[in-house]
Structures are given as structure tokens and as C-alpha cells.
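This report describes the packing, the aromatic pairs and the pocket of one protein chain. The sequence and the structure are displayed below.

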Amino acid sequence: MDNASDSRRTSVLFVCLGNICRSPLAEGIFVHLVREAGLVDRFEIDSAGTGSWHVGEQPDARASLVASQHGVDLPSRARQLTEQDLEHFDYVIAMDRENLRSIERMADATGSDAHIHLLRDYDAEGRGDEVPDPYYGGASGFENVYDMVHRSCQGLLDHLQAA
Ligand code: 4NP
């Protein structure tokens with residue numbers, strides 16, 4: 001957040017409902033891809049939830065497990081989306097349409113000019129689809145979510161580099 005005025009950096013916020021499953025995965029995977037590409041100095045990356053139930057918690061153990069199986073660390077702690085986020089971040093990326101609606105309502109209220117998109121707008125294998133909420137499912141749901149989030153994060157990074 002301290003680098004809001006650093007115009008060389010593109011800031012990206014990933015948003016889901018609880019900020020313990022999908023958006024921490026997206027944050028961790030995007031950080032991983034940015035590191036691999038040698039672009040750490042070019043991005044500020046964070047995640048948040050539209051709900052407040054899990055504020056302060058570590059990611060869900062099933063999300064951390066699937067990430068670690070792919071060599072990805074998930075260091076985030078859950079926090080709730082704020083109006084300041086809509087003013088600060090260049091890109092606010094929603095996991096599903098309910099998240100998208102919540103973000104857009106907040107953006108309208110604040111006059112935000114953030115770019116607001118679904119993550120899977122950048123998934124060539126399911127453009128415009130949602131990342132399903134894996135919270136009430138089993139481990140296979142998390143592997144499925146991992147794959148689509150990874151593809152989409154790579155697509156988003158490619159898009160931002162081409163921009
Ligand atoms: P997330 O998953 O939005 O991907 O973090 C959820 C986590 C918790 C709840 C819902 C979704 N919940 O209802 O507690």
C-alpha cells in the first residue's frame with residue numbers, strides 16, 4: 001500500500017467471498033508467476049474478501065496444501081475489502097459474479113476507476129466463467145480450482161505485460 005504513488009508498479013487485488021480459499025490462491029499463484037518472470041518490482045499484489053467472517057485467519061488448509069504441492073506459498077491473512085482498496089488498486093479481480101457485483105457496487109459508491117474483471121476473463125479454457133467456491137467440497141475441488149486459477153493468472157500476467 002505504501003507504493004500507491006509508484007506509477008511504475010501495477011497493483012492487482014484478487015477478491016473472493018471469505019479470502020481464505022480462492023483469492024489467497026490467486027494471490028500466491030500470481031506472486032509465483034511474477035517472480036518466475038523476474039517482474040517483482042513491477043507489481044503490487046494482494047487479496048481480500050467481500051465478507052468478514054474469516055478476517056485475520058490463514059488460508060484454508062486445503063488451499064495451502066494444494067498450493068504447496070505445486071511449490072506455491074500462501075502467506076496471506078484474510079481481510080475484508082474496503083472502499084480504499086477500490087481507490088488504490090489498478091486492477092480488482094473477482095472470482096465469481098457475486099464478488100463482481102459487490103465490488104462494482106462499492107466502486108460506484110466511491111467513483112473508483114479501477115479495472116474490475118472476473119479472473120476467468122483471462123482463462124482461454126473458460127473465458128468469463130466463474131471460479132467455483134470450493135469451501136464446502138473436498139480436496140479434488142481445490143485441485144480443480146488451482147488449475148483454473150493458475151491458467152487465469154498466467155493469462156492475466158500475459159495481458160498486463162502486453163498492455
Ligand atoms: P473463498 O471460500 O470465498 O474462496 O475464500 C469461502 C470461504 C468461506 C466461506 C465461503 C467461501 N464461508 O461461508 O465461510
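Contact here means heavy atoms within 4.5 Å. The model is a predicted one.

**Helix 1 and its surroundings**

By contacts of this kind, the buried residues of helix 1 are covered by elements that include strand 1 (10-16), strand 2 (43-49), helix 2 (61-69), helix 4 (97-110) and helix 5 (139-162). Helix 1 (residues 22-36) has 11 of its 15 residues buried, so it is largely enclosed by the rest of the structure. The buried residues of helix 1 are Arg22, Ser23, Pro24, Leu25, Ala26, Glu27, Gly28, Ile29, Phe30, Leu33 and Val34. At 1.5 Å a residue, the 15 residues of helix 1 should span 21 Å, and the end C-alpha atoms are 21 Å apart, which agrees. Glycine 38 follows helix 1 and has a positive phi, near 70°.

**Helix 5**

The 24 residues of helix 5 should span 34 Å at 1.5 Å a residue; the end C-alpha atoms of helix 5 are 35 Å apart, which agrees. Its buried residues are Phe142, Val145, Tyr146, Met148, Val149, Ser152, Cys153, Gly155, Leu156, Leu157 and Leu160. These residues pack against strand 1, helix 1, strand 2, helix 2 and strand 3 (91-94).

**Strands 1 and 2**

Serine 11 belongs to strand 1. With a relative accessibility of 5%, serine 11 counts as buried. Beyond residues up to four places away in sequence, serine 11 touches Glu44, His88, Phe89, Asp90 and Tyr91. Serine 11 and glycine 138 are 127 residues apart along the chain, and their C-alpha atoms are separated by 32 Å.

Isoleucine 45 lies in strand 2. Its relative accessible area is 18%, and because buried means under 20%, isoleucine 45 falls in that class. Apart from neighbours within four places in sequence, isoleucine 45 is in contact with Val12, Phe14, Glu27, Phe30, Val31 and Val34. For one of these partners, phenylalanine 30, the C-alpha atom is separated from that of isoleucine 45 by 7.8 Å, with the two residues 15 residues apart along the chain.

**The loop between helix 1 and strand 2**

Arginine 42 is placed in the loop between helix 1 and strand 2. At 38% relative accessibility, arginine 42 counts as partly exposed. Neighbours within four places in sequence aside, arginine 42 is in contact with Arg8, Arg9 and Thr10. The C-alpha atoms of arginine 42 and glutamine 161 are separated by 9.9 Å, although the two residues are 119 residues apart along the chain.

**Aromatic pairs**

The structure contains three aromatic pairs. In one of them, the ring centres of tyrosine 135 and tyrosine 136 are 4.8 Å apart and the planes stand at 80°, so the pair is edge-to-face. Ring pairs also join Phe14, Phe30 and Phe43 into a cluster.

**The largest pocket**

The largest pocket holds about 170 Å³ of space. Its lining consists of Cys16, Leu17, Gly18, Asn19, Ile20, Cys21, Arg22, Trp53, His54, Asp133, Tyr135 and Tyr136. By class, the lining residues divide into seven nonpolar, three polar and two charged.

Asparagine 19 sits in the loop between strand 1 and helix 1. Most residues other than glycine have a negative phi. Asparagine 19, however, has a positive phi of about 60°.

Histidine 54 occupies the loop between strand 2 and helix 2. Without its neighbours within four places in sequence, histidine 54 is in contact with Gly18, Ile20, Ala78 and Tyr135.

The table gives the accessibility of several lining residues.

| Residue | Relative accessibility | Class |
|---|---|---|
| Asparagine 19 | 1% | buried |
| Histidine 54 | 15% | buried |
| Tyrosine 135 | 28% | partly exposed |
| Tyrosine 136 | 75% | exposed |

How do the two rings of the edge-to-face pair stand with respect to the solvent-accessible classes? Tyrosine 135 is partly exposed at 28%, whereas tyrosine 136 is exposed at 75%.

Technical notes: Residues are numbered from 1 along each chain as its sequence is written. This is a predicted model: local features need pLDDT of at least 70, side-chain atom pairs count only at pLDDT 80 or more; totals for chains, interfaces and linings use all residues. Side-chain values use heavy atoms; hydrogens and water are left out. On a 1 Å grid over the protein atoms alone, a cavity is a set of points where a 1.4 Å probe fits but cannot get out, and a pocket is an open set with protein on both sides within 12 Å along at least five of seven lines; lining residues have an atom within 4 Å of a point. Grid points are joined across faces, edges and corners, and a volume is the space filled by probe spheres set on the points. Ala, Val, Leu, Ile, Met, Phe, Trp, Tyr, Cys and Pro count as nonpolar, Asp, Glu, Lys and Arg as charged, and the others, Gly among them, as polar. Rings of Phe, Tyr and Trp (its six-membered ring) pair if their centres lie within 6.5 Å; planes under 30 degrees apart count as stacked, over 60 as edge-to-face and the rest as tilted. Buried means under 20% relative accessible area, exposed over 50%, partly exposed in between (1.4 Å probe, protein chains only). Helices (H or I, at least four residues) and strands (E, at least two) are DSSP runs, numbered from the N terminus. The expected span of a helix is 1.5 Å times one less than its number of residues.
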